[in-house]
Structure formats: C-alpha cells, structure tokens
Amino acid sequence: MSSQIDHLLNETRRFAPSADFADNAVATAELYERAAADREGFWADQARDLLHWHKPFTQVLDWSNPPFATWFADGELNVAYNCLDRHVEAGNGDRVALLWEGEPGDSRRVTYAELTEEVKRVANVLTDLGITAGDRVAIYLPMIPEAVAAMLAVARVGAIHSVVFGGFSADSLRSRIDDAGAKLVITADGGYRKGKVSPLKPAVDLALAGRNGGAAQETVEHVLVVRRGGNDVEWTEGRDLWWHDAVPAASPEHEAQGFPAENPLFILYTSGTTGKPKGILHTSGGYLTQTTFTNRVVHDLHPETDVFWCTADIGWVTGHSYVAYGPLANGATQVLYEGTPDMPHPGRWWEIVEKYAVTILYTAPTAIRSFMKIGREVPKKFDLSSLRLLGSVGEPINPEAWMWYRKIIGGKTTPIVDTWWQTETGAIMISALPGVTETKPGAAQVALPGISIDVVDEDGAHVGNGNGGLLVVTEPWPAMLRGIWGDPDRFVETYWDKFRTQGYYFAGDGARLDDDGDVWLMGRVDDVMNVSGHRLSTTEIESALVGNEAVAEAAVVGASDETTGQAVVAFVIVKQSYLSAHSPEGLAGTLRGWVGEQIGPIARPRDVYIVGELPKTRSGKIMRRLLRDVAEGREVGDTTTLADTAVMSVISAQVR
Ligand code: WT7
C-alpha cells in the first residue's frame, strides 16, 4: 500500500480541458461560486430547474434534528412522472429512452412514450395487487427494460423498491425480503449471463420456502414474473403471475399523483462491518435532484444528442442513480446491456459502443483493468470515435488504468471523470467537472458544487494539504441516506458517532489532500472490501464460512488484486475430523463454492488457506492487518501485540 501511495503522489501528468469541450460543456466554473455563496439556495435552484413539482416546496434543508435531515419537505413530486410523462408532454415521446441489447444479440428500442405507457400499466397492476404508498417491493431481475419499468412503476405509486442484484443467492434474497417485509417480488424466469440462462425464479421460490423458518412467506403475497430466459419454472397458483399476462391486460391510463419529497423511494442493501447487510434508505426529492444534477454536469449530458451508457447493474446504487433515475429524469437516451463484457467475444462492449454510437461511457476501474489485460487489439477493432467523455466509479482508479482508458478507449482526447460516492451518498460527491477542471490521473479531485467534504485526522481536525486522513462530508447533502431501514441506532453509530462533536458524516474511506488540496482516495479504513467495485464485508464472508460444518474458525481479508482491485482471501481453521478425511486443496475448493452459494458468486474467495491458527491479540481480536500482509506477499508487520508471537511464521509457512 505505501509503495502504491508513493507512486500516486509522484503522479504529475495534467490534462487541461480543451477549448472545444469547454465551449459546449454543461458545467461552468461559476457553479462553484454560486454554490459557495448560498449552498441551500443553490440546491433549491437545482430542484426547481431540473424537476417538476406537483406542489412547490418552500422549505429547503431541515437539519434541526441531526443526523436526520429533510430536504424540500413540504414539496410534492412524483419521481416516475419526472422520469417519463413530462418528457412525453414536452413533445419528446418519440425519443429513445432505452437502447437495450440482450446478451444473445437480441435488441429493443424503447421510446419515452412506450416506456411511459408500460410503466402506467405496471403501476395499475401494482395497485390491483394491493401495493400502496410505503409498501416494499423486492425486485430481482436481469438487465432488461422491464427492470427499469418495474422500479419506476413502484416509484409511481409511492411504494419503496428494494432491488436485489440477480447474482445474489436465494439466502441473500431471503434476508433482504425479510428485513424489508416485502409484499411483492418482481422477478424473471431467468436472464442471460455468460452465454447461458441463469435462473432467477427458482431462487425466489427457495427464498420464499422459508427453510429456516424465515418470515418471507408471511409478507410476500405475490410474485410477478417476466419471461426472459424461457427456462422451466415452478408455479404457485394464486401467488405467482406472469408479467406478460398481467401487464398488457392492465389499463394504459394512470395519473401520477404527487408524494411528499421525503417519501421513501428505495432501500438498497449494502455490506457494512458486521455480518448483516444494511438497508440504506433513500427518499425522493433530494435524491432525484442530486442524481439529475450530477448526471448533467459530471457526465456533461446533453439529452438531445448524447447516447449515455452506464454499465452498472440495477442491483447496485450506480444502476439506480445513473441508469434508472438520473438519465431518465434528464430525458436522455441510454444503452442497457444484459450480459457480461466478454460474451460472445471479448470485444462485446466496444461493439455496442460502435453500434449505438455511445458518446458517454461510465464504468468501473476493474472493467478497464481487465480490458487492459486482454490488450488494446480488441477495442482497436471497433470504431470508438463517438465517445467524447469517460467516467470511472466504484474504486480508486490507478494512473496506468486512467491513462489506458483515455488513450485506447478515449482516442487520446476524451476527458475522464473519476467520481467518488457511495450507496449512502446516493449520488456523485467528488469529481472533476469536464470542461472546467484540469484533471489528474488517479485523483477524484474536488467536491462538487454544493457538496462540502474534508480530510481530517482521528480527532476531526483538517489535515491540511500534503497529508492523509479520513474522508468526511461536513454538511448535509440532498441525496444523503435518510437512515438504515429499521435500525436508526446503527445509522447513527456507523456514520455519525465518530465525529459527533463536529457533526461530520464518516465515509469509511482513507484519503489524501495533495498540495493543491485535491482529493486522492486511498481505500476503505474499515473491514469492508471493494472487489470489482462491489462492496463486501469481511465479517459477512466469515460468518458464511463458519456456517459450513467443516469450519472451526475463519478470518477474511481483502488483498490487492491487479484486476479486481481487491480480492477476497480467507484463512480457515478446519475441524480436525475434516482435516484427516480431506485434502487442503479439496477443502479450499469446497469452501470457495460454499461462499458462492451462500452469498453469491462475487463473494467467492480468490484464495482459501487452510491454517492451524489465526493471529489474535490477547483480548482475542483477530489481527487482519497481519493476514493482509501474508495475502499480499509482504513481510509481516509488527506482531508484538499478538498473544502468541510465533503464530505468524507458522501461517506464512503454511501459505507458501
Ligand atoms: C465505496 C462505496 C459509488 C457507487 C459504486 C460503489 C469506493 C467509490 C470511488 C472512487 C475511490 C471509490 C469507496 C466508497 N469508491 N467510488 N471514484 N475512487 N474509491 O458504491 O458499494 O456503496 O461503495 O466505493 O471506498 O466508500 P458502494
């Protein structure tokens, strides 16, 4: 890590915006001045300019009961109306909203008029199924237009969606359904992934079977199923219904009603430092304001001419803010792709960029690094000249990957925006503004206009330029999380207790300020890993491991990985009886598969080491720092606080 940091700090390349780009850019330097002069007024202006309000707001921020904020609280809006109807009413019904590409090569173009009609029908289906404002609806779908329609329909009736990534297991789905008390699940028979149909409905059936006496079957009344994969599915009469029966039969008339700005919009589960994922709660008016604004100024979105492509799955926050909400509220045309980047060939993404003449591409460093590995010959086969802006999100982007992205994908000319934010922040917080900021490869750089961040020491004091510390948000922001579903105490403890005197939001990231005061992200400072831009908790994987009958104890660390940023590495103590009957390699393989089944394939450890002991302090706390040294092939650091100082040499020897 320290060599990585030195390396970063020696990065001196700079890219000033070209005059051409700056002339047509949405962002202007003046935004910073306006926001600095009157932060709340600035956000109120954005909310009024960018959104339609059924009832205008007179209040902006209420921070009288921190950390519980409200924004635009006496205003009313309908999120789906903002993403759909108003564009049709403005005469843009024929504009394409979604350029959808299925993994097998099938495709659909969905206009704003068509998507609006579909969402109105789905909203009527939801109402018929008894879904009303405040009810929770779980969505477990592949990347198909129906996924976006489902989210918007739930929003339209004022209900709350909880999208669960299709790669999560039945167990993960069940715990999310239970925690939110979902009344309806919207799923598909299956979707295409890696060249074959990956089933979804069977996982829903399993999740609802309540094997462990879960509460899921008690709240879920219906399962609405899209046919996509064509795979056989089981059917529970009275509970299950086909989308293709219910939706076309429903009326295309549906008037969007205004809901209070603080009406909850969605819950999205994300890993924290404990084994239990947190249901991050977002509401409507502030969230939509900041996603719409940032999508415009950070992605330099010109909705009339651009073709925007954010490659994130709707199961992650990026897919919420920059697939479902921001771009649609802006009336943009965007690509939606169902499959993996290498199906059926390694140039699939670039083929899609060429086919749809994508102008703005927003993706994760892990994808860029895997393309780097394959080599420039692949993208070079395609015409990528339509691209004029590139974005990065999800993890720190190393300067090499940044340069490759600009040169090979961006034809040496496109600006790159490295955007820092989190599930909790709801929208982009730190980024260069294209056309305004001189960019630095590897740095997220500056807080957006209207956003206040700092890098502080353990006591909450500003570290000053040239120093490292903890990243904090010092003032409330419109898209901020409003809480953790059902757990206000955990909300306060996790994010606000650490700097309660100052009232700062603690992000969990380490950061450095360079001599210009620009921010360089340095990775998580807690027990949260970032694998391929996806957040995983060490504790969650440890509890999955100890749930296996062979395992006595487990410790998990995130080790740096060339492609995925970090990789899951597990150190496992196996029960004696299993050790004698199985080879360590066999056990390691079984446990990798086990974690994949328990949580989902993304959580599957890269390495499982079967060890005899784990490094613990005298009070019994596992010292993951030392295990990380081993996993990253470094000399093991200070072991003096270990109860048994010899244990690390034993582990190191076992790992070789
Ligand atoms: C964590 C949030 C933001 C949507 C995708 C991930 C890391 C995110 C960057 C960036 C360095 C980044 C942080 C953050 N992260 N963007 N541009 N540079 N690190 O959302 O799953 O909520 O994870 O991702 O560590 O805390 P998430």
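In which helix does G589 lie? In this predicted model, G589 is part of helix α22, which spans residues 584-598. The residue has a relative accessibility of 38% and is therefore classed as partly exposed, since that class falls between the limits of 20% and 50%. G589 is separated from D607 by 18 residues in sequence, and the C-alpha atoms of the two residues are 9.0 Å apart in space.

A second helix, α23, covers residues 624-631. Of its 8 residues, 6 are buried, so the helix is largely enclosed by the rest of the structure. The buried positions are R624, L626, L627, D629, V630 and A631. The elements that cover these buried residues include two helices, α20 (538-546) and α24 (647-655), together with the strands β28 (551-561) and β29 (565-574). Just after α23, the backbone at G633 adopts a positive phi of about 70°.

The surroundings of the ligand were examined next. The ligand has 18 residues around it, of which D418, T419, T423, D509 and R535 come nearest. Three elements, namely α14 (317-329), β20 (416-419) and β25 (519-524), each contribute at least two residues to the shell around the ligand. Polar contacts are found with both side-chain and backbone atoms. An N or O atom in the side chain of D418 is 2.8 Å from a nitrogen atom of the ligand, and a backbone N or O atom of T419 lies 2.7 Å from a ligand nitrogen atom. An oxygen atom of the ligand, in turn, is 3.3 Å from a polar atom in the side chain of N530. Taken alone, the ligand would expose 550 Å², and the protein buries 96% of that area.

Attention then turns to E103, which is located in the loop that runs between β4 (96-101) and β5 (107-111). E103 is buried but forms no salt bridge. The nearest side chain of opposite charge belongs to R193 and is 6.0 Å away, whereas a salt bridge requires a separation within 4 Å. The side chain of E103 instead has backbone nitrogens as polar partners: the nitrogen of G195 is reached at 2.6 Å, and that of K194 lies 3.0 Å from a polar side-chain atom of E103. With neighbours within four places in sequence left aside, E103 is in contact with Y192, R193, K194, G195 and K196, with R228, and with Y337, E338, G339, T340, M343 and R348.

How values were computed: Residues are numbered from 1 along each chain as its sequence is written. This is a predicted model: local features need pLDDT of at least 70, side-chain atom pairs count only at pLDDT 80 or more; totals for chains, interfaces and linings use all residues. Side-chain values use heavy atoms; hydrogens and water are left out. Helices (H or I, at least four residues) and strands (E, at least two) are DSSP runs, numbered from the N terminus. Buried means under 20% relative accessible area, exposed over 50%, partly exposed in between (1.4 Å probe, protein chains only). Lys and Arg count as positive and Asp and Glu as negative; His and the chain ends are not counted. A polar contact is a pair of N or O atoms within 3.5 Å; within protein, one must be able to donate a hydrogen and the other to accept it, and residues adjacent in sequence count only if both atoms are side-chain atoms. Contact means heavy atoms within 4.5 Å. A residue is near a molecule or strand if one of its heavy atoms lies within 4 Å of it. Accessible areas come from the Shrake-Rupley method with a 1.4 Å probe; for residues, only the protein chains shown count as cover.
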